[in-house]
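These are my notebook entries on one structure. I set down what I looked up, in the order in which I looked.

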Amino acid sequence: MLISPSILSADFANLQAELDRVANADWAHVDVMDNHFVPNLTLGAPVVEALAKVSPIPIDAHLMIDDPDRWAPQYAEVGARSVTFHIEAAADPVKLARTLRAEGARASMALKPGTAFAPYEDLLPELDMVLVMTVEPGFGGQSFMADQMPKVRQVREAVRRSGGEIWVQVDGGVSAATIEQCAEAGADVFVAGSAVYGAASAADAVAELRALVAKHSHT
Ligand code: DX5
Ligand code: ZN
């Protein structure tokens, strides 16, 4: 069970200090948005490179960008240890996942709420993680979509059948109120932005989320 705070809700003027606030988490989730795949713009590879150098925990890059075939590998090159591309935007996901792994990163595929998993199940052997979005990508602080839980179950079942060590991540509206249903459905990596950075103590919020999912296990 891994907790990955999203720095989208952090103070962008003080990102090194904001990463240090969540040093008790497992990963640092960095949302890259290009104003095309989603209607919001955040940061790119130079900033990810700088963050990877100072972060106390590895960087989990979530790329909400068009043409990941062209742009995603550079995030692995600059030090993101996990790189997630959106399947809706990928032209050749097998080639892309292999390139990411060759660069030494974990390769991960994300699904928007309206995207079914079944057509992509065959990709599992190429992947280290599947991200099931629990909000429409683009912004922090949105309401959790409980209607995505059947998809989380479906992915978890497929991962079990595949026998691979593939993580199942949820991202969007994850909080103390919603994290347990995600764990129950089969998620094992939990992204939380506003629930962590909106708390008085980000580290305490991470610890609370961790305690809530500790009793669930998918092995
Ligand atoms: C949304 C991003 C999320 C966002 C989650 O497009 O992918 O990572 O930061 O924020 P919360 O946890 O506030 O929903
Ligand atoms: Zn994200």
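**Entry 1: Threonine 115.** I began by listing the contacts of threonine 115, leaving aside residues up to four places away in sequence: the residue touches Ile87, Glu88, Tyr120 and Lys151. I noted that the model is predicted. I then asked where threonine 115 is found. Threonine 115 lies in the loop between E5 and E6. Is threonine 115 buried or exposed? I found a relative accessible area of 12%. Buried means under 20%, so threonine 115 counts as buried.

**Entry 2: The sheet.** Next I traced the strands. I recorded an open sheet of 8 strands with parallel pairing, in the order E1-E8-E7-E6-E5-E4-E3-E2. The edge strands are E1 (2-5) and E2, each of which pairs on one side only. From one strand to the next, the twist averages 25 degrees.

At one edge I looked at E1, which is joined to strand E8 (residues 189-192) by 4 bridges, the two running parallel. Leucine 2 has valine 189 in E8 as its bridge partner.

I then looked up two helices that pack on the sheet. Helix H6 (residues 149-162) touches strand E5 (106-111), strand E6 (129-133) and E7, and the direction of H6 makes about 165 degrees with that of E7. Helix H9 touches E1 and E8, and its direction makes about 150 degrees with that of E1.

**Entry 3: Strands E2 and E3.** At the other edge, I found that E2 and strand E3 (residues 59-64) pair in the parallel sense over 6 bridges. Valine 30 has alanine 61 in E3 as its bridge partner, and valine 32 stands opposite leucine 63 in E3.

How many residues of E2 are buried? I counted 6 of the 6, so E2 is largely enclosed by the rest of the structure. Both faces of E2 are covered, with Ala28, Val30 and Val32 buried on one side and His29, Asp31 and Met33 buried on the other. I recorded that E3 is mostly covered, with 6 of its 6 residues buried. On one side of E3 the buried residues are Ile59, Ala61 and Leu63, and on the other they are Asp60, His62 and Met64.

**Entry 4: The zinc ion.** Which residues coordinate the zinc ion (ligand 2)? I listed His29 (NE2), Asp31 (OD), His62 (ND1) and Asp171 (OD), at 2.0 to 2.2 Å. Along the chain, the donors follow the spacing H-x1-D-x30-H-x108-D. Histidine 29 in strand E2 (residues 28-33) and aspartate 171 in strand E7 (residues 167-171) are 142 residues apart, and this pair links distant parts of the chain. Histidine 29 and aspartate 171 are both buried.

I also asked why the arrangement is octahedral. The 6 donor atoms around the zinc ion (ligand 2) subtend angles of 72 to 172 degrees, which makes the arrangement octahedral.

**Entry 5: The nonpolar core.** Lastly I looked up the largest nonpolar core, which has 66 residues. Those with the most contacts inside this core are Val48, Val83, Met109, Val130, Phe190 and Val196. Helix H9 (residues 202-213) gives the most to the core, with 6 residues. I noted the general background that nonpolar side chains tend to be buried together in soluble globular proteins.

I chose methionine 109 for a closer look. Beyond residues up to four places away in sequence, methionine 109 touches Thr84, Phe85, Ile87, Phe117, Tyr120, Leu123, Leu127, Met129, Val130 and Leu131.

Methods: Residues are numbered from 1 along each chain as its sequence is written. Chains are lettered from A and ligands numbered from 1 in the order in which they are written. This is a predicted model: local features need pLDDT of at least 70, side-chain atom pairs count only at pLDDT 80 or more; totals for chains, interfaces and linings use all residues. Side-chain values use heavy atoms; hydrogens and water are left out. Donors are N, O and S atoms within 2.8 Å of the metal (3.2 Å for Na, K and Ca); water is not among the atoms, so sites may look incomplete. Four donors count as tetrahedral if all angles lie between 85 and 135 degrees; four count as square planar and six as octahedral if opposite donors are over 155 degrees apart and all others between 65 and 115; anything else is irregular. Buried means under 20% relative accessible area, exposed over 50%, partly exposed in between (1.4 Å probe, protein chains only). A nonpolar core is a set of buried Ala, Val, Leu, Ile, Met, Phe, Trp, Tyr and Cys residues joined through side-chain atoms within 4.5 Å. Contact means heavy atoms within 4.5 Å. Two strands pair if DSSP finds at least two bridges between them. Axes are lines fitted to C-alpha atoms, for helices over the stretch in contact, and angles run from 0 to 180 degrees between N-to-C directions.
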